[in-house]
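Trainee: Could you walk me through one part of this protein in detail? I would like the packing of the interior, then how the rest relates to it.

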Amino acid sequence: MTGSIGNQVTAALSPGRGHLAALDGSPAGGTLIPIAVASVIGLVAVAALARWRLLPRRPLVVSCTVFSLALVLVTVAALGTRGDRGTADTADGAQAAQVQSRPGTPLLRTLPLGGKQVGVLVVPGRPGGNLVAVGADDAQAGTATGELRRGDRRPGSSQTWIPVDLPEGRSTLRISAGGSTGELPVDTGRDAPAAPAALATADGPECAAAAAGALVAGEQAPLTACPSDRLTEDDAATLSATVRFLAGRGTRSVGLVSDDSARGRAAAAAVRSAAGQEGIEVTRPGPAASQPLLVTTGWPGATEAALAVEAGKTRAEGVYLAPWLLARSVLTPSAGQLIPLRYAPRRAEAMAYVKALTARMPGEYPSGTGYRAWQRVRDEEPRTPPRLYAVAVAYVPGGMTAADGEGQGGHHHAGGDAEWLPSGMIAPISAPLRERKNDDPGA
């Protein structure tokens, strides 16, 4: 009996078996638990035999030693295995939070600053000018050899944005916030192409949001273009469908707010072309004429346009946003915003992006631009026609600021909310829009 117990213990503890036993429900628990029980029973039996003097002294000593050794070895093995599992779990969690990035690609990390974990995004992660986003109001950033530079808040994002020049290859980025400073190793690579020009413009945060959406979806690739660099075919078709929707309601004139980006110019041309086909006049918005207002700018221009409607500086019978303007600073003002989308923001697929972004960039606002990058990486791009969605935000009296701290009239919410629009709704109000003139609107 004692030989059998010893052989089982040796087999269970021997390396290379692939199933080291444990007493906590692991697969190998079925091996060690019977050994432990048998060892205890053996010790009790040895004690009984010793008491009744039914065995000579030497066999009693040997049996007691074997059973005791077996029980000790089982306990040590179980504790060691549990400790190994704890170490592995910790390592897996750290790896999930701090995914290694390739040199010359956008970088997303968290740093302990001011007693909390703060998200840091570096875009494009290449030599030269970079845009650094830090999830703290008082953030500063710079290289280890230079002075730290203060950042500022920008429409559409909760982050503090700081332009930083990074050298070629490996360097250290210093981040200060909440009264403490942390360091982040960066590798910009070598012989990397120049950063997209839009990063240095007002559309920089939107470009960075696209990079972040791709990162949290698992992509590790160089950033070669920004959303404002071109108008996609889907967006052009959506804008034209929006104009046809307005024509179907008897609209004879619309106001248009655009910008000078490549996307903005192409979007304005698409709107004017569709309006010409429908006999709709396109005018400049203002305080006199009341008409639907189409907005095809980037986030800053759209935020300004929505605030102007809220303040009464611009009259509008609804603010019709371009499909890339699902951004909190654009949606928060009380301006009657409507936006054509090919996806439902509250569906599980879209909320998976919102939660993943909040986990990797604590406090950051989700955006349609970030979600579209997420969809591209995950091959979840929609194949459905657009619908119009209406935006409604609940307001609390008392002169509170907007949800992103810009403008007046909104209720301020914590940036950590994993929602598109806390205390607000984004709800469909139309059937699928006609993307071509001969489309069936009910299809």
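Mentor: What follows starts with the nonpolar core and then moves out to the surface, a pocket and one strand residue. Keep in mind that this is a predicted model.

Begin with the overall frame. The protein has ten helices and 16 strands. It runs to 443 residues, and 46% of them count as buried. Take the contacts between residues with a separation of 6 or more. Of these, 68% join residues 24 or more positions apart.

Now the core itself. The largest nonpolar core holds 74 residues. Seven of its members touch the most others: L121, L294, V295, L321, L325, L326 and W420. Which helix supplies the largest share of this core? Helix α4, spanning residues 204-216, does, with seven residues.

Look closely at V295, one of the members that touch the most others. Leave out residues up to four places away in sequence. V295 then touches V257, A302 and A305. Its other partners are V319, Y320, L321, A322 and L325. Two of these partners, L321 and L325, are also on the list of members that touch the most others.

There is also a second core, separate from this one. It has 19 residues, among them L113, V132, A136 and V164.

Next, the surface. The accessible surface comes to about 20,800 Å². Carbon and sulfur atoms account for 55% of that area.

The largest pocket contains about 960 Å³ of space. Its lining counts 37 residues. Those nearest the centre are R230, T232, R372, A373 and R376. Helix α4 returns here: it is among the elements that give two or more residues to the lining. The others are α5 (233-248), β14 (337-341) and α10 (368-377). By class, the lining has 18 nonpolar, 13 charged and six polar residues.

Finish with R174. This residue is in strand β8, residues 170-177. Is R174 buried, partly exposed or exposed? R174 counts as partly exposed, because its relative accessibility is 24%, and buried means under 20%. Its contacts fall in two stretches of sequence. Again leave out residues up to four places away. On one side R174 touches Q140, A141, G142, T143, A144, G146 and L148. On the other, R174 touches T181, G182 and E183. T143 is worth a second look. It is 31 residues from R174 along the chain, yet their C-alpha atoms are separated by 5.6 Å.

Methods: Residues numbered from 1 in each chain as written. Predicted model: local features only at pLDDT ≥ 70, side-chain atom pairs only at ≥ 80, totals over all residues. Heavy atoms only, no water. Core = buried A, V, L, I, M, F, W, Y, C linked by side-chain atoms within 4.5 Å. Buried < 20%, exposed > 50% of the residue type's maximum accessible area, 1.4 Å probe, protein only. Helix = DSSP H or I, 4+ residues; strand = E, 2+ residues; numbered from the N terminus. Contact = heavy atoms within 4.5 Å. Areas by Shrake-Rupley, 256 points an atom, 1.4 Å probe, with all protein chains shown as cover. 1 Å grid on protein atoms, 1.4 Å probe; cavity = no way out; pocket = protein on both sides within 12 Å on 5 of 7 lines; lining within 4 Å. Points joined across faces, edges and corners; volume = space filled by probe spheres on them. Nonpolar A, V, L, I, M, F, W, Y, C, P; charged D, E, K, R; others polar.
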